[in-house]
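Student: I should like to request a close look at a single part of this structure. Please take one element and follow its surroundings outward in a connected account.

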Amino acid sequence: MLNRNYHVVVTCSEGLVGFPPAVSLVTNLLSIGCRVTLLACGDTECLPESVNNNPNFSFITLGERGGTLLRRGKMLFNVPRTIRSYLKKYQDDIDIVWTTMAIDVRDAGDVLRSFNHVMQMPELTETVPAFLHRNRPPFSRKTIELARLARKVVVPEYNRAFIQQTMWRLPETPTVLPNKPTVKRNTEFDLSSDDNRLDQIKSENRKIILYQGLFADDRNLFPFADAVDSLGGEFVLYLMGKATDAVQQASLEKLLSTHTNVEYLGYIPAPNHLAFTRYARIGLLPYSICYGGDCPPLNALYCAPNKIWEYSCYGVPMLGSDVPGLTGIFGRYNCGLTSSSVPHEISRAICKIDASRDEMSLGALRLFDSIDTKDITERIIEDVLE
């Protein structure tokens, strides 16, 4: 435990439901004895009871994302104003400001110069929008300047640390804090009694390959669905999540209508989606290079998905695209295989994982137990303050 009850202000301009790393961070900070004030969009329903009931935890809403154009416009002004006014008002009582997104740094602005600032970057980032929520020009130079002044920059993957340092000319290599959830394997989840989706996956006779996450440009599921169909009904691909836009929604609907062994469970908010994870025989991690999106192409190559840790928590072996962010981990822990996007090569990898499932399941559990994010978080606090 830390030497004293430090006050850490955590900012999260995204809603917590769609951003598990912020939930894990707050949980870890409280567990090492910090006082935590969370400034975030949405509410705290997705936080564990142990967080919401902790006397050292307080929450200030930044409003709700989405809605009408007028409402979205107001958020562009309200979020920065709320963050800055809080930090200025309570400056003498704050030991660390821990931003969890690059746009949080933009929104807080120059006020961060007066604080011990830890800047967490869940995605590899080349440019930060100066005003908008999506990564569109004009871009913010100040965010990069403030990153260089931060006491610590934190990223979720080893290679990303060096890439981010190079892109932004950071004076120090960022610290690696993986996107590992704090959930325990025996956690019981609060699902609605009329939600029959869990019964559906429990009673499935085919071997389940599970994808849980966003449907986005850099997640091409069609080759994997083709491969599953080619195996003649022995396997089924279950999908959980939501589309990032109308184009992705149309793509999802096409995928479902053109494949026999694909099932869609809809969107299940975190952490309740983990109630389904343990029933998968294989967890899917599809990534491909995408140009023109919110993140640079290297973000997909050196991916750091929450899903690696969610699957491995329950000993689920993984099938991923052949990208550097996955090949190293899978090889080191023997917890899965990567494949090209050619369907017959994917089907061959599925069969290999299935044949070695018990051995790879143990490898997945070893991977999950290899990282202690609570300890890493505590060391970051100590490096900054003690």
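The exchange below starts from one helix and moves outward to the loops.

Student: Please examine helix α1 (residues 20-31) closely. Which residues make its contact with α16, and which residues does Pro21 touch?

Tutor: The model is a predicted one, and every value here is computed from it.

Helix α1 covers residues 20-31, and helix α16 covers residues 373-385. The axes of the two helices come within 9 Å and cross at roughly 70 degrees. An angle from 65 to 115 degrees counts as roughly perpendicular, and α1 and α16 are therefore roughly perpendicular to each other. On the α1 side, the contact is made by Leu25, Asn28, Leu29 and Ser31. The α16 side supplies Thr373, Lys374, Thr377 and Ile381. Sorted by class, the contact of α1 with α16 has three nonpolar, four polar and one charged residues.

Two participants in this helix contact, Leu29 and Ile381, also appear in the description of the nonpolar interior. The largest nonpolar core has 62 residues, of which Val10, Leu16, Leu29, Leu87, Trp98, Met119 and Ile381 touch the most other members. Helix α1 gives the most to this core, with six residues. With residues up to four places away in sequence not counted, Ile381 touches Leu2, Tyr6, Val8, Leu29, Ile32, Ile96, Trp98 and Glu386. Leu29 and Trp98 are thus touched by Ile381, and both are named with Ile381 among the core residues that touch the most other members. A second, separate core of 35 residues includes Leu285, Cys303, Met318 and Tyr333.

Pro21 is another residue of helix α1. Its relative accessibility is 9%; since buried means under 20%, Pro21 counts as buried. Leaving out residues up to four places away in sequence, Pro21 touches Gln120, Asn179 and Asn306. The C-alpha atoms of Pro21 and Leu124 are separated by 15 Å, and the two residues are 103 residues apart along the chain.

Gln120 leads from Pro21 to Thr100, which is also in contact with Gln120. Thr100 is found in the loop between β4 (96-99) and α4 (102-108). Thr100 is buried, with a relative accessible area of 1%. Apart from neighbours within four places in sequence, the contacts of Thr100 are Val10, Thr11, Cys12, Phe19, Ala22, Leu25, Gln120 and Pro122. Leu25 in this list is one of the α1 residues that make the contact with α16. Val10, also in contact with Thr100, is one of the core residues that touch the most other members. To Thr11 there is in addition a polar link: the side chain of Thr100 reaches the backbone oxygen of Thr11 at 2.7 Å.

Several other loops deserve a description. Asn54 lies in the loop between α2 (49-52) and β3 (57-61). This residue is buried, with a relative accessible area of 19%, and the side chain of Asn54 reaches the backbone nitrogen of Asn56 at 2.8 Å.

The loop between α6 (158-168) and β7 (175-176) contains Thr173, and Arg169 lies in the loop between these two elements as well. Thr173 counts as partly exposed at 34% relative accessibility, whereas Arg169 is exposed, with a relative accessible area of 68%. Excluding residues up to four places away in sequence, Thr173 touches Ala161, Phe162 and Gln165. A polar contact of 2.8 Å joins the side chains of Thr173 and Gln165. The C-alpha atoms of Thr173 and Tyr158, 15 residues apart along the chain, are separated by 9.9 Å.

The backbone geometry of Arg169 also merits attention: its phi is near 55 degrees, a positive value in a residue other than glycine. Asn334, likewise not a glycine, has a positive phi of about 50 degrees. Asn334 is located in the loop between α13 (324-333) and β13 (336-339) and is partly exposed, with a relative accessible area of 27%.

Two cis peptide bonds complete the account of the loops. One joins Pro137 and Pro138, with omega about 0 degrees; Pro138 lies in the loop between β5 (117-120) and α5 (141-149). The other runs from Ala270 to Pro271, with omega near 0 degrees, and Pro271 lies in the loop between β10 (262-264) and α10 (274-277).

Methods. Residues numbered from 1 in each chain as written. Predicted model: local features only at pLDDT ≥ 70, side-chain atom pairs only at ≥ 80, totals over all residues. Heavy atoms only, no water. Helix = DSSP H or I, 4+ residues; strand = E, 2+ residues; numbered from the N terminus. Buried < 20%, exposed > 50% of the residue type's maximum accessible area, 1.4 Å probe, protein only. Polar contact = N/O pair within 3.5 Å; in protein donor to acceptor, adjacent residues only side chain to side chain. Contact = heavy atoms within 4.5 Å. Axes fitted to C-alpha atoms, helices over the stretch in contact; angles between N-to-C directions. Parallel < 35°, antiparallel > 145°, perpendicular 65-115°, else oblique. Nonpolar A, V, L, I, M, F, W, Y, C, P; charged D, E, K, R; others polar. Core = buried A, V, L, I, M, F, W, Y, C linked by side-chain atoms within 4.5 Å.
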